[in-house]
Structure formats: C-alpha cells, structure tokens
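The following exercises concern one protein model and are to be solved with its sequence and structure at hand. Each task is followed by a solution in steps.

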Amino acid sequence: MAAAAAGLSWRRVSSFTGPVPRSRHGHRAVAIRELLIIFGGGNEGIADELHVYNTVTNQWFLPAVRGDIPPGCAAHGFVCDGTRILVFGGMVEYGRYSNDLYELQASRWLWKKVKPQAPSNGSPPCPRLGHSFSLYGNKCYLFGGLANESEDSNNNVPRYLNDFYELELQHGSGVVGWSIPVTKGVLPSPRESHTAIVYCRKDVGSPKMYIFGGMCGCRLNDLWELDIETMTWSRPETKGTVPLPRSLHTANVIGNKMYVFGGWVPQSAGGEISAPDGEWKCTGSFCYLNLDTTEWIGLISDCQEDKSNLLPGPRAGHCAVAVGTRLYIWSGRDGYRKAWNNQVCCKDLWYLDTERPLAPSQVQLIRATTNSFQLKWDEVPTVEGYLLQLHADSPVPPVAGIPGAGTPETSVLSSQGGCSLHQSPQSLPSVPYPEMKVDHPSQTNNLIPNNVQVALSSSSKVEGKEKVAAPENKVTQKTMKNHADATGFKESNAPSLLPVCTSSAQTSANVGELHDLDKQSVNPDASVSCTVSSSQTMVTQQAVKTESSSTNGAVVKDETSLTTFNSKSEAAETAYVMPSTRVSTEQTNDSHSSRAPQRPPVKTRDRRWYDVGIFKNNSAVVSQFYLLPEETLNINSKTEGANVPDYRLLKKQDLFPGTVYRFRVAAINGCGVGPFSKISEFKTCIPGFPGAPSTVKITKSVDCIHLSWEPPASPSGNILEYSAYLAIRSTQLQENPSQLVFMRIYCGLKTSCIVTAAQLSNAHVDYTSRPAIVFRISAKNERGYGPATQVRWLQGKVTVTHS
C-alpha cells in the first residue's frame with residue numbers, strides 16, 4: 001500500500017459535531033492554536049460564511065461575526081498574524097475580482113475593512129484571484145495572480161500577473177500601506193494558483209520565500225526563491241524527482257519541509273505526460289521539499305493513489321493547514337470535466353502526523369492518598385493519547401511471569417520525622433486518605449486499554465490553562481529547628497515527602513471566543529467573591545530525597561517567622577529526581593525514544609518501567625500498574641497500536657502506602673510514541689495525618705480579603721488547629737527567585753481568616769505562569785500537620801513596586 005510504503009498514516013475524521021460547511025473549492029484556511037478557520041470558496045455560489053473547526057473537540061461552529069463583514073470570495077489571499085486574519089482580493093462573482101483588504105480580529109470575531117496607503121512608486125495591486133499572499137514578520141508579500149482585462153465581468157479576458165508587492169502591517173491592528181520593493185535577479189514568470197511559503201533556516205538567519213508551480217495557460221513545476229533580506233530572486237538547484245507540473249495544489253511548511261499535496265496535473269499515458277494543452281486531472285500525489293537541502297522526496301506518487309479510502313482522494317482547490325506538526329486537508333473538487341456543472345467537491349477532512357510528538361512536561365501531582373495518585377501533565381498539541389509509566393522505589397513483588405522481580409522493602413519512612421515502621425508496606429492499615437473533589441477524568445473513562453491509535457474524536461475539550469516551567473532536579477531548602485510547618489516537614493535525618501495540594505483558578509476557553517495569544521494574564525478578579533476550589537489544578541510540595549543526613553523542609557516558629565519553599569513555579573513543587581538516580585531523557589535506558597542511548601543504572605535496583613496505561617487525556621488516576629512479561633516490557637518506538645500489550649491479559653499491582661514512585665509520560669500520535677518526559681518522583685501518604693483543607697474561597701472587599709476553607713474530608717482524628725500562610729517579598733526571594741518565602745498569617749481553630757491590606761501590600765506576586773498571590777492552608781491533628789492546600793489567587797496585569 002502506498003501509505004504504508006511511505007511510512008504515512010493518514011486519518012480521516014469520521015465524527016464531528018456542529019454546522020458542517022458545505023463542500024467547496026477555492027476556499028482558504030489558517031490555524032490559530034487548535035482552531036482551523038475557513039473562509040470563502042465556491043460551489044453553487046460563492047460562500048461568505050466564516051467557519052471554525054476545533055481540532056481537539058471535533059466541533060464545527062459559526063462564530064457570531066460583526067463589523068465590516070466582507071462579501072464571499074474565492075481564490076483570495078488569507079494570512080494569520082497572531083489572532084488577526086487578513087483577507088485580500090479574490091473572485092467575488094464570476095468574472096469580477098476584488099482588490100479589497102479586510103482584517104478579522106479573531107479574539108472578538110470583529111471584521112474591519114482597511115485601506116492601505118498606495119505605494120509611492122506605482123499603483124496599488126489591481127483586482128485579482130489566484131495570487132499568493134504570504135506573511136513574514138510585520139509584512140505580507142503579494143505575488144502574481146489572474147486579472148480580468150475586460151471591464152465587462154461577463155467578458156472574461158484573463159491576464160496572468162507577476163507583479164510583487166509588500167504590505168506593511170501595524171502592530172496589533174491596521175496596516176500602513178503597500179510598497180513595490182526593488183528586487184534583483186529575474187522575476188518568476190506570470191502565474192496564478194501557485195503556492196508561496198516563507199522559511200528561515202535555524203543556522204542561516206536569512207528568510208526565504210519559495211514559489212512553486214501554478215498556471216499560465218499551462219501548468220508549471222518550477223521553483224523560485226526570494227531572499228527577503230536582499231530582495232534577490234533566484235532559481236535554486238534541486239535534487240530528487242521534481243513533482244509533476246500543477247496548479248490549485250497546497251504547500252505547507254512543517255519543520256524544515258514544504259509539503260505539497262494534490263492539484264491539477266497533466267494526464268499521463270504510458271509514462272508520457274500530455275502536451276500543455278492536452279488532458280489533465282486532479283491528483284492525490286504527496287511529496288515534500290527539504291528546504292535545507294532543496295531535495296524533493298516523493299511520498300505518494302500519482303500512480304500510487306490509493307482507492308481504498310486509506311488516503312485522501314485526488315483533489316484540487318482544497319485547503320491544507322498545519323497545526324503543530326499535523327497537516328489537515330479539507331474539501332476541494334475531486335474532478336473536472338471541462339464543464340462547471342460536472343464539478344464534484346469532496347466533503348472529507350483528513351489529517352496526517354508528520355513527526356512523532358514532543359516530550360510532555362514532567363508529570364505533576366494533583367493529589368496523593370495512601371494508595372493512589374491523581375496526576376496531570378501539560379497537553380501536547382495534536383496527539384491521540386499518552387503512555388504513562390512508573391518505576392517503584394522499592395522492588396516490585398515477585399509475580400509469576402515476571403522474571404527477576406525483587407522482594408518488597410520491609411520498612412517505610414514515616415513522613416513525620418522519618419520514624420521507621422517495622423512492617424512491610426502491604427501490612428500497613430488501609431486508612432483512606434482524604435479524597436479531594438477533583439474534576440478530572442477517572443482512570444476508567446480516561447484509560448485506553450488496548451490501542452494506541454485513538455480516534456481524534458475521543459480527545460477532550462481544551463481548556464485555558466497555565467503553562468508551567470519544568471522543575472529543577474535538585475533543590476536546597478532552609479531549615480529551622482524543633483517546629484513543624486504547614487507541609488508537615490519536621491527536622492530529621494530522614495527525608496520526608498508529604499504532598500501539598502495546590503489549586504489555581506482557571507478560565508475555560510469558550511468555543512465561540514478566542515482570547516488574544518499575546519495576553520498572558522486572565523481577567524482580573526474584580527468581582528466581590530472569587531471561589532478557588534481544590535477541584536482545580538493542584539501539584540505537590542515535597543522535600544528532595546537525598547543520601548546525606550541533612551534535614552529537609554522549612555519550619556515555622558511563630559506568626560512572624562518565615563517559611564521558605566523551593567517553588568520556581570507551580571510545577572516546581574512536583575517531584576524531584578533523586579540525585580543518585582537522576583537521569584535525563586537523553587540518558588534514560590528507554591527503548592521508546594530512538595534518540596536515547598542506553599546507560600547502565602546508577603544503583604543496582606529494579607530499573608524496569610511498568611505501564612500504568614495509555615490515556616486519551618492529560619490526567620490520570622493511578623492506583624495500579626501492569627506487570628508485563630519480560631518480552632513485552634518495552635514498546636518498540638516505531639510501532640503503532642499493534643505492538644501495545646493487551647492490558648486485559650496482564651496482572652496488576654496495587655500501589656503501597658509510604659512508597660516512592662517515579663513517573664514519566666510520552667505522547668502518542670500517528671507516527672508512534674514520542675520521547676518520554678523528565679522523571680518525576682512522588683510518595684504515597686502514610687495513614688494518620690489530616691487531609692488538606694478543601695473548597696478555599698477568597699472574598700474581596702475594599703481594604704482586605706476574607707479567606708475561608710472547608711475542613712479536611714478525612715481529619716484522621718481531631719483537628720487541633722489550622723495555619724494559613726502568605727507568600728511574601730523578601731531579599732532571599734530576590735537572590736533566589738525560585739524559592740518562595742511564606743509568612744504565617746493565621747493560626748487557630750476557625751476555618752476562616754482576614755488578610756489585611758497591610759499584609760497584602762507585602763505579598764509576592766508570582767509570575768511563573770499568570771500573575772498570582774499565593775496562599776497555603778493546612779490542618780493539624782494529634783499526629784501533626786498534614787498536606788497544605790496551595791491557592792494561587794489570580795490577578796490582572798499587576799505592577800509591583802519594591803521598596
């Protein structure tokens with residue numbers, strides 16, 4: 001099969017919701033994050049609607065546009081600059097072309113007709129269709145197209161163009177004007193329905209524009225290069241087999257490759273290409289040009305076109321859009337009989353993953369219990385699932401069919417000072433740790449049991465979320481003596497790992513609204529009451545497990561004492577890799593990543609990674625993992641779902657209390673399993689400590705805020721007191737920005753406290769993701785302090801004055 005031979009895995013999107021646009025050709029599309037935005041085109045009339053497709057939720061929708069809404073057009077220029085889109089020219093009705101320019105602010109779905117200044121050295125661009133319109137920096141580059149020489153739209157006299165214009169944009173909104181740059185070299189010959197892309201090599205900073213193919217009475221397959229810095233045209237020499245002459249094809253840049261799909265090509269018979277005025281047809285051929293080496297690589301040739309619905313069918317006048325490393329193709333005409341009434345347009349949507357996905361962020365802990373973790377990690381765009389693996393600190397118990405499995409550790413460290421419990425983890429009492437109400441998919445509805453190839457329709461809806469930096473692997477924490485702080489850490493020669501549950505307010509992305517990408521902050525909390533519940537993002541604070549006898553964790557002496565935590569970001573409170581076993585993704589003994597050289601383990605311990613499962617979303621509830629037979633412990637990184645073990649046939653192992661587990665996660669797309677994330681390390685809880693306070697509410701008033709919370713769901717005894725902390729500015733924080741300094745602002749039995757304006761004036765505003773003031777609240781019972789709930793109270797664009 002052609003697809004398999006080329007190593008491609010095209011997927012047809014078979015299920016979507018919302019108002020699906022009618023099939024068409026001559027339309028244009030761009031991508032803003034996960035959204036495909038499609039405008040124009042024609043089929044039984046020219047379309048004037050703006051359609052949006054969410055590639056994550058598989059939902060089509062028609063945004064409520066307003067302003068100077070442009071008329072429908074086809075074969076127009078369509079480029080995206082941040083969250084604004086520019087439309088130039090096109091055919092507005094048969095024989096009548098446009099040279100109008102419109103701007104769409106997609107953050108508000110607001111259209112505006114803009115009138116650029118005319119060039120100082122010539123006339124503005126004439127009305128046209130089939131031109132190329134490319135964006136680089138703050139300029140759009142217009143080349144060629146087709147004009148009508150006749151003033152009578154019913155008397156179409158075609159004139160092919162090769163004029164070249166620059167359009168300078170204003171920042172954010174509006175345009176400056178057209179200019180006609182002075183170029184060197186020979187201009188490409190006149191043409192329409194060609195493609196133009198801009199590419200800048202990483203090692204050579206000069207951006208280049210490449211024009212390929214098109215139509216000027218016959219179809220072309222010549223390649224032209226414009227050095228944008230020197231404005232010099234040239235014909236680069238290429239290697240490999242040049243694609244057939246074509247027009248109405250698409251070209252998209254992903255990485256260092258220009259992918260060319262479809263179009264109209266000459267009809268060939270017996271290996272002979274027909275004469276320029278001979279027969280021609282639509283094609284489904286697919287190739288790319290390596291822009292670093294200018295070598296053409298054929299992926300699907302014209303004679304390899306697949307008729308089994310495993311590849312996109314032949315088409316021309318379609319649209320193709322790159323979302324990350326994934327290429328989407330939609331609609332277009334699939335045939336031409338030299339008569340308008342014989343056109344048939346496709347109504348199918350396809351995508352192709354061109355590269356394996358990037359490594360996800362480190363796994364973050366949302367919640368820990370005595371025998372489970374709730375985990376999350378940042379989403380990787382355009383993936384179909386995630387493979388989550390763990391590695392136990394203690395050897396996995398021997399199980400039939402698992403050669404070489406060790407015996408369990410016979411003692412665990414208490415998380416309150418490192419006292420040894422002289423019993424095996426299995427015999428620890430199964431006291432349930434307080435379960436916090438978390439709006440995340442459960443393991444049941446998130447787990448993909450047997451197949452890596454998850455349908456796109458199974459992806460979850462994308463929500464607005466904070467990007468968090470990866471934590472450092474090693475951290476030093478300041479220690480005070482003889483007191484326990486809100487994390488439950490106590491001075492001890494043994495490491496302790498108690499979780500701190502943190503939550504941050506988030507905003508969901510409205511399917512009909514697109515927020516400005518340039519704005520890193522969310523709307524300020526201007527309302528009187530802001531509820532930040534523990535059902536939102538949470539991570540874990542823990543000490544570094546070291547081999548030395550130094551103590552870990554900070555301690556609070558009284559209400560004026562300071563508590564220091566290493567908190568480079570929300571994610572910096574996640575697990576840290578043990579110094580003795582710290583392994584980067586490039587050094588991991590990892591058969592999933594083809595880049596990873598093998599390295600002997602640092603310690604003689606069970607170094608196997610066990611599958612937790614394959615999850616379609618970026619979160620997981622982990623209470624068990626699969627015990628794989630020796631021969632299936634590793635998944636070949638080049639294979640797809642066929643080589644993933646059938647988890648239903650495998651034995652499971654429960655997690656133990658008080659045990660350290662390491663986690664890593666890899667994303668999966670149509671190209672296979674990508675590289676694994678950096679390793680995170682978490683410890684299950686020891687029974688007996690109170691849970692973290694929940695349902696934190698922040699009520700804002702004129703001169704203070706009111707902080708309240710609910711008691712732990714499982715206090716494990718009588719609650720003796722609560723402590724609330726505020727992250728404050730300090731010289732220590734200035735010296736080490738990754739280390740938050742906390743001051744206790746409340747200690748007592750009440751489940752609420754007042755934070756005064758004077759205290760807030762001393763608050764540190766954390767900018768690691770979105771600006772926020774950070775609070776922590778924890779509960780204490782007879783055994784000591786349990787995990788703290790951290791709340792990031794989101795602010796607007798905050799200006800902080802340091803005294």
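**Exercise 1. The largest cavity**

Which element supplies the largest share of the lining of the largest cavity?

Solution. Some conventions come first. The model is predicted, so local features need pLDDT of at least 70, side-chain atom pairs count only at pLDDT 80 or more, and totals for chains, interfaces and linings use all residues. Residues are numbered from 1 along each chain as its sequence is written, and side-chain values use heavy atoms, with hydrogens and water left out.

Step 1. On a 1 Å grid over the protein atoms alone, a cavity is a set of points where a 1.4 Å probe fits but cannot get out; a pocket is an open set with protein on both sides within 12 Å along at least five of seven lines; lining residues have an atom within 4 Å of a point. Grid points are joined across faces, edges and corners, and a volume is the space filled by probe spheres set on the points.

Step 2. Three cavities of 30 Å³ or more are found in the whole structure. The largest cavity holds about 60 Å³ of space.

Step 3. Its lining consists of Pro70, Pro71, Cys73, Val87, Phe88, Gly89, Val92, Ser98, Asp100 and Tyr102.

Step 4. Strands are DSSP runs of E with at least two residues, helices are runs of H or I with at least four, and both are numbered from the N terminus. Strand S8 (84-93) and strand S9 (96-105) each give at least two residues to this lining. The largest share, four residues, belongs to S8.

Step 5. Ala, Val, Leu, Ile, Met, Phe, Trp, Tyr, Cys and Pro count as nonpolar, Asp, Glu, Lys and Arg as charged, and the others, Gly among them, as polar. The lining of the largest cavity thus divides into seven nonpolar, two polar and one charged residues.

**Exercise 2. The second largest pocket**

State which residues lie closest to the centre of the second largest pocket.

Solution. Step 1. The second largest pocket contains about 1100 Å³ of space. It is lined by 39 residues, of which Ala29, Ala196, Ile197, Ala251 and Asn252 are the closest to its centre.

Step 2. Elements that contribute two or more lining residues include strand S2 (28-32), strand S15 (195-199) and strand S19 (250-254).

Step 3. By class, the lining of this pocket has 22 nonpolar, 15 polar and two charged residues.

**Exercise 3. Two residues with positive phi**

Determine whether Thr294 is buried or exposed.

Solution. Step 1. Buried means under 20% relative accessible area, exposed over 50%, and partly exposed in between (1.4 Å probe, protein chains only). Thr294 counts as buried because its relative accessible area is 15%.

Step 2. Thr294 lies in the loop between strand S25 (286-290) and strand S26 (295-300). Its phi is near 50°, a positive value in a residue other than glycine.

Step 3. A contact means heavy atoms within 4.5 Å. Neighbours within four places in sequence aside, Thr294 is in contact with Glu237, Thr238, Lys239 and Leu289. The C-alpha atoms of Thr294 and Lys239 are 6.4 Å apart, although the two residues are 55 residues apart in sequence.

Step 4. Ser193 is in the loop between strand S14 (175-179) and S15. Its phi is near 60°, again a positive value in a residue other than glycine. With a relative accessible area of 12%, Ser193 is buried.

**Exercise 4. Cysteines**

Explain why Cys218 and Cys216 form no bond.

Solution. Step 1. A disulfide is a covalent bond between the sulfur atoms of two cysteines. Here the criterion is a pair of cysteine sulfur atoms within 2.5 Å.

Step 2. The closest cysteine sulfur to that of Cys218 is in Cys216, at 4.4 Å, and is therefore too far for a bond. The whole structure has zero disulfides.

Step 3. Cys218 is partly exposed, at 24% relative accessibility, whereas Cys319 is buried, at 6%.

**Exercise 5. Confidence in the model**

What is the mean pLDDT of the protein?

Solution. Step 1. pLDDT is the predictor's confidence in each residue, from 0 to 100. Its mean is 73, and 66% of the residues reach 70 or more.

Step 2. Over residues 1-5 the pLDDT is below 50. It also stays under 50 over residues 398-445.

Step 3. Where pLDDT is low, the predicted coordinates should not be read in detail.
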